[in-house]
Amino acid sequence: MKMTKSKPLAFVTSIVLMMTLLAGCGGGGNAAEGDTGTAGSTSKKTTLTLMVGNTGTTLEALKAVAAEAEKKLNIAIEFDIKPDGGEGDNLVKTRLATGDMDDLLVYNTGSLFLALNPEEHFMDVTNEPFMANVLDSFKTVVTSNGKVYGAPVGSTNAGGILYNKKVYADLGLSVPKTWDEFMANNEKIKAAGKTAVLASYKDTWTSQLFVLADFYNVKAQVPNFATDYTANKVKYATTPAALRGFEKIEEVYKKGYMNKDFLATTYDVALKMLATGEGVHYPMLSSGLDTIMANTPDQIDDIGFFAQPSDSADINGLTIWMPSGLYINKDTKNADAAKKWLDYFVSSEGQAVFASKVKAAGPYVIKGATLPDDSYGAVKDMQHYFDEGHTAPALEFVSPVKGPNLENITVAVGSGISTGKKGAEDYDKDVEKQAQQLNLPGW
Amino acid sequence: MTKTKMRTYSYFFLLPAGIIYFVFYLLPTILSFFFSMTRWTLTKWTYIGFENYATFFSETSLSIGFRNTLVYAVVTCGLKVVLGLLLGAFLTSRILFKNYLRSVIFFPTLLSTIAVGIAFSTMMHPSHGMFNTVLASLGITGPDWLGNTKIALLSVAMVDVWKGVGVATVIYIAGISAIPQEYYEALKIDGGNNYSAFWNITLPLSRPAMNSVIILAFIGGLRSFDLIWAMTKGGPGFTTDLIASIIYKQYQAGFYGLATAGNVILFIAVSVLAFPLYKFLTKSEVNL
């Protein structure tokens, strides 16, 4: 008798327990929503959240723009800082998939952007008036299925060799036009007791530059490489011009031109060694200049820049990286405020504030924004390539296919674990997965 | 009816825990088997059969990953079992500062693995790190702990042992303390010394504790990830990749279906190794 009575009692008790648990979970969420609600209604100020990476000076510059915009538009920005590189990609993808993305996002353009399923997550800004001032060369790298999704953050960027002009003058060297001249310079620098080529493999992404910045040279020899590559018709390992990038890493390693402890050296340390003249060449993006300016401003004028040399003196040009994009979350509740903020950001006024904090690492992609006279000397070194028309966008901006493991493969090649040929073969295998995930035809 | 009357509490009391277990443990496990056969973007999926498994097994770094995972598990597990036993026997004997020493041994376990990893990778820097600075002052040129492809994995394994031996020691202490004093008294009457007490009483009778340590350390080693990620990220190149870090890199790249397939494989690999080991160990256990 007693037991039969206890059955409904137990059932009720268990339900109550469940409800308590659920209420506990739900309570937190409700409270948080309530908070933002009251904050918004009392001050009438709109607050947008913006996710941005922590490398370089972009964050500082965006903060300056945000402070000005807050005065002008009464829209405040709350920054949500993410890591860069693979960890950051992971975070962004997860936050997008779980519907937990901030109102605004600063993220790569080109292949990495396309890997995010833009149509599903970002607001189409093709017909927004503020996009009228953005150059088409940029629009193509934030376009998916004919719709434009992002505004440019900062200037373009070139991949090549940052070098120490002072050491060049001391040793009587001249800027190399071919790979052989480059290696000859390396030999002289090594003989002078300095590090010829800096490598910073502790930050694995920095190991890819010899491959990625070689793309101008690849394109000059195999004009259709990007389209054929996307269609799975050509491979790195079987295209001699493309394979050279991997071989260049191997050659530099085999000659012993790299710094001691290169596996434990970071990006910042390598830039410091370049600035002091301890190291003379650093295959890097021109945005590294900003870090030199921040850490060792006195040496900034000693740094020059030249394009990654090819095997022929006739082929000499720059591989260009497009700036990051600023995207609006499709599900944002503050769409109007977000558009207003972008409008201000792209305006000449907003761009001036941005440029006051971060100097250009290459030409801008907004109409009317020209390189100021006080640009870095190394950036001025780049100008003649642009004037002569000797530039090409990096492969990641003309093909959606980019393997996630390139940086590990180039570290393996650059530290003698693997060879250039083997590295290229591994990379060809690596990109297969990305192409299949994107459902590209031909894979 | 009669059965219900025999029980004091109703099965309905199990419902809250049961639902939570089902929703957060059983359901994801079942779903992961399904998603491992799809190409998945977290919002959309297409069924592709066993293609992910084929891709995962053709991964160049996978053979390195499998070998490293085994080496890592065996080395960390072996050292924890031996060092833990010695420390456990030492810390249950009559010594000064016993409690203090016990907490010193256990202390690293309380630290965050990531913090330990970062601290040790700084100390292992080939020229500015603490280890090689000390070695240099003794006139020895230290190796590149994390850069040398031959020893990088072992360097990480040593840090794992430093951090994890505390747990093993505590389990041994509990096991050794449970051995009745009478055995030792009998041994003393028979004229045995400390050495024979360890070999003939402590060692065989702490077998249950040892089995727990072996199983825990071995499974822990097989699915280890955080320390290797904090110290080498699987590098240089792919030389210290474990199965778990290969899976994580695929997840990072957005290959969710492929990463899930990797997890299913890891699950099967751990089960295949751990269950027979457990069976074998429990069979040969001595009862007190």
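This section describes the chain A–chain B interface, the two domains of chain A and one sheet of chain A in a predicted model.

The interface between the chains involves 35 residues of chain B, which are in contact with 36 residues of chain A. On the chain B side, the elements that supply two or more residues are helix H1 (2–6), helix H2 (15–35) and helix H13 (243–252) of chain B. By class, the residues on this side of chain B comprise 14 nonpolar, 16 polar and five charged.

Chain A itself is divided into two domains, each assembled from two segments of the chain: domain 1 covers 43–156 + 323–357, and domain 2 covers 157–321 + 383–437. The centres of domain 1 and domain 2 of chain A, taken over C-alpha atoms, are separated by 29 Å. Contact between these domains is made by twelve residues of domain 1 of chain A and 15 residues of domain 2 of chain A. Helix H3 (85–97) and helix H4 (111–114) of chain A are the elements that give two or more residues to the domain 1 side of this boundary. The largest share of that side, three residues, comes from H4(A). In composition, the side of domain 1 of chain A that touches domain 2 of chain A has three nonpolar and nine polar residues, and no charged residues.

An open sheet of five strands is found in chain A, with the order S2-S1-S3-S12-S6 and mixed pairing. In general, the strands of a sheet pair through backbone hydrogen bonds, in either a parallel or an antiparallel sense. The edges of the sheet in chain A are formed by strand S2 (75–82) and strand S6 (150–153), each of which pairs on one side only. Neighbouring strands of this sheet are turned against each other by 25° on average, direction ignored. Within the sheet, strand S1 (residues 46–53) and strand S3 (residues 104–107) of chain A pair in the parallel sense over two bridges. Leu50(A) stands opposite Leu104(A), the latter lying in S3(A).

Two helices of chain A pack on this sheet. Helix H2 (residues 58–73) of chain A touches S1, S2, S3 and S6 of chain A, and the direction of H2(A) makes about 160° with that of S2(A). H3(A) touches S1, S2 and S3 of chain A, with a direction at about 125° to that of S2(A). H3(A) thus appears in two settings, packing on the sheet and giving residues to the side of domain 1 of chain A that touches domain 2 of chain A.

Key:
Residues numbered from 1 in each chain as written. Chains lettered and ligands numbered in written order. Predicted model: local features only at pLDDT ≥ 70, side-chain atom pairs only at ≥ 80, totals over all residues. Contact = placed C-beta atoms within 7 Å. Helix = DSSP H or I, 4+ residues; strand = E, 2+ residues; numbered from the N terminus. Nonpolar A, V, L, I, M, F, W, Y, C, P; charged D, E, K, R; others polar. Domains from an automatic or database assignment. Pairing = 2+ DSSP bridges. Axes fitted to C-alpha atoms, helices over the stretch in contact; angles between N-to-C directions.
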